[in-house]
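This report describes the fold of one protein chain, beginning with a pair of strands and moving outward to the whole molecule. The sequence and structure are shown first.

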Amino acid sequence: MCLRDPRKAFEAKLLELGKDNEAIVAISCDSASGGGLGAFFQAYPNRSVEVGISEQTAVGISAAMARQGFIPVVVAIDPFLTMRAYEQIRDDVGYMHTNVKLVASGGGLAYSTLGSTHMALEDVALMRTVPNLVVLCPGDADEVEFCLEEAIKIDGPVFIRMPRQAKEPPAKRTQRKLELGRGEVVADGGVAAALFTYGPSTAEAVEAAEILREQGVSMSVINFTTLKPLDEELIRHYASSAKKVFVLEEHAPNGGLGSAVADVLARSGISVPLKVFCVPEGAKQTGPYEALLNYYGISGSAVARRVMSVLSGD
């Protein structure tokens with residue numbers, strides 16, 4: 001399978017959807033070209049708005065346009081959208097249940113070379129708290145297309161954490177079971193260990209599972225493209241039989257999938273050891289993306305070593 005740029009996939013899919021649905025409008029925060037809105041802006045200038053570096057304004061405008069029957073798709077660099085405009089997202093989009101699609105470009109460590117100000121390691125935690133907001137976290141181009149298609153179908157607010165780096169999908173699109181609100185089993189390795197993940201970390205988790213399999217250790221990998229609503233039933237299914245449960249995410253320790261899984265296990269009365277592999281709180285190391293994955297121990301090879309270390313401690 002060839003690697004596809006997720007932003008290019010987003011750009012092509014939005015253009016396709018915009019051709020069939022005249023209610024779709026694109027709103028850029030000084031990121032039309034880099035965020036995948038360039039083709040839409042060129043094809044539909046009367047349905048495109050550039051607000052500049054003013055994410056709060058973009059969200060407010062989008063909420064107002066949604067009230068008039070439009071489907072605004074807002075694209076901005078992740079931390080500037082989720083953190084700078086959080087109040088507007090919560091009040092104007094979440095509480096008011098407006099039909100706005102928020103697309104945060106480059107979650108996690110994606111903008112690692114531009115410094116900690118451009119990293120989004122708390123975004124999932126913030127967006128999970130917004131009422132009525134569906135939270136989607138694709139990890140490859142196929143998932144980006146799926147998430148955008150589903151987001152447009154939903155009559156309500158949706159957040160998409162769009163990846164920046166091209167990642168290998170776990171299987172061909174025709175072989176995958178992508179479904180809104182449901183987890184996806186990308187590697188069924190039995191009950192010895194289960195690893196829950198999402199976004200670009202899914203590719204790393206699959207690599208880790210392959211490395212472990214070569215060493216005689218089986219591990220199931222479950223991908224959650226939808227983080228809210230979360231497929232709690234699938235979590236309970238694997239956690240209730242696994243000897244160890246792991247979570248892998250490009251996010252800070254608090255408020256992400258690790259916290260969500262811990263909450264599900266606690267409420268369900270499932271007692272199983274849980275280990276979360278993530279980026280430490282307050283992390284601000286900069287450098288090449290792949291180098292940082294290794295530095296924080298969340299690359300495929302690093303995760304395989306860490307899982308093996310935990311399992312061998314039994």
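## Strand pairing and the sheet

In this predicted model, strand β11, residues 244-248, pairs with β12 in the parallel sense, and four bridges join the two. Within this pairing, F246 has K275 of β12 as its bridge partner.

The two strands belong to an open sheet of five, ordered β7-β9-β8-β11-β12, in which the pairing is mixed. Its edges are formed by β7 (184-187) and β12 (274-277), each of which pairs on one side only. From one strand to the next, the twist averages 25°. In general, the strands of a sheet pair through backbone hydrogen bonds, in either a parallel or an antiparallel arrangement.

## Helices lying across the sheet

Helix α8, residues 201-214, lies across four strands: β7, β8 (193-197), β9 (220-223) and β11. The helix runs at about 160° to β8.

Helix α12, residues 300-311, lies across β8, β11 and β12, and its direction is about 155° from that of β11. The 12 residues of α12 reach 16 Å from the first C-alpha to the last, close to the 16 Å expected at 1.5 Å a residue. Buried positions in α12 are G300, A302, V303, A304, V307 and L311. The elements that cover these buried residues include β8, α8, β11 and β12.

## Helix α10 and its buried face

Helix α10 comprises 12 residues, 257-268. At 1.5 Å a residue the helix should span 16 Å, and the end C-alpha atoms are indeed 16 Å apart, so the expected and modelled lengths agree. Which residues of α10 are buried? They are L257, G258, A260, V261, V264 and L265. Viewed down the axis of α10, these buried residues fall within an arc of 165°, and they therefore line one face of the helix.

The cover over the buried residues of α10 includes three strands and two helices named here: β8, β11 and β12, together with α6 (123-128) and α9 (232-239). Just after α10, G269 adopts a positive phi of about 70°.

## Loop residues and backbone geometry

R164 is located in the loop between β6 (158-162) and β7. Its relative accessibility is 27%, which is why R164 counts as partly exposed, a class that lies between the limits of 20% and 50%. Leaving aside residues up to four places away in sequence, R164 touches D5, P6, R7, G106, A110 and Y111. For A110, the separation from R164 is 54 residues in sequence, while the C-alpha to C-alpha distance is 5.9 Å.

Two residues other than glycine have a positive phi: D30, at about 65°, and N132, at about 70°. D30 is in the loop between β1 (24-28) and α2 (38-43), whereas N132 occupies the loop between α6 and β5 (134-136). Are these residues exposed or partly exposed? D30 has a relative accessibility of 53% and therefore counts as exposed; N132, at 43%, counts as partly exposed.

A cis peptide bond leads from K228 to P229, with omega near 0°. P229 itself is found in the loop between β10 (226-228) and α9.

## The molecule as a whole

The protein contains 12 helices and 12 strands. Along the principal axes, its C-alpha atoms fill a box of roughly 60 × 40 × 40 Å. A compact globule of 314 residues would have a radius of gyration near 20 Å; the value for this protein is 19 Å, so the two agree.

Of the 314 residues, 60% are buried. Among contacts with a separation of 6 or more, 78% involve residues 24 or more positions apart.

Conventions. Residues are numbered from 1 along each chain as its sequence is written. This is a predicted model: local features need pLDDT of at least 70, side-chain atom pairs count only at pLDDT 80 or more; totals for chains, interfaces and linings use all residues. Side-chain values use heavy atoms; hydrogens and water are left out. Two strands pair if DSSP finds at least two bridges between them. Axes are lines fitted to C-alpha atoms, for helices over the stretch in contact, and angles run from 0 to 180 degrees between N-to-C directions. Contact means heavy atoms within 4.5 Å. The expected span of a helix is 1.5 Å times one less than its number of residues. Buried means under 20% relative accessible area, exposed over 50%, partly exposed in between (1.4 Å probe, protein chains only). The arc is that of the directions from the helix axis to the C-beta atoms. The radius of gyration is taken over C-alpha atoms; the globule rule is 2.2 Å times the number of residues to the power 0.38.
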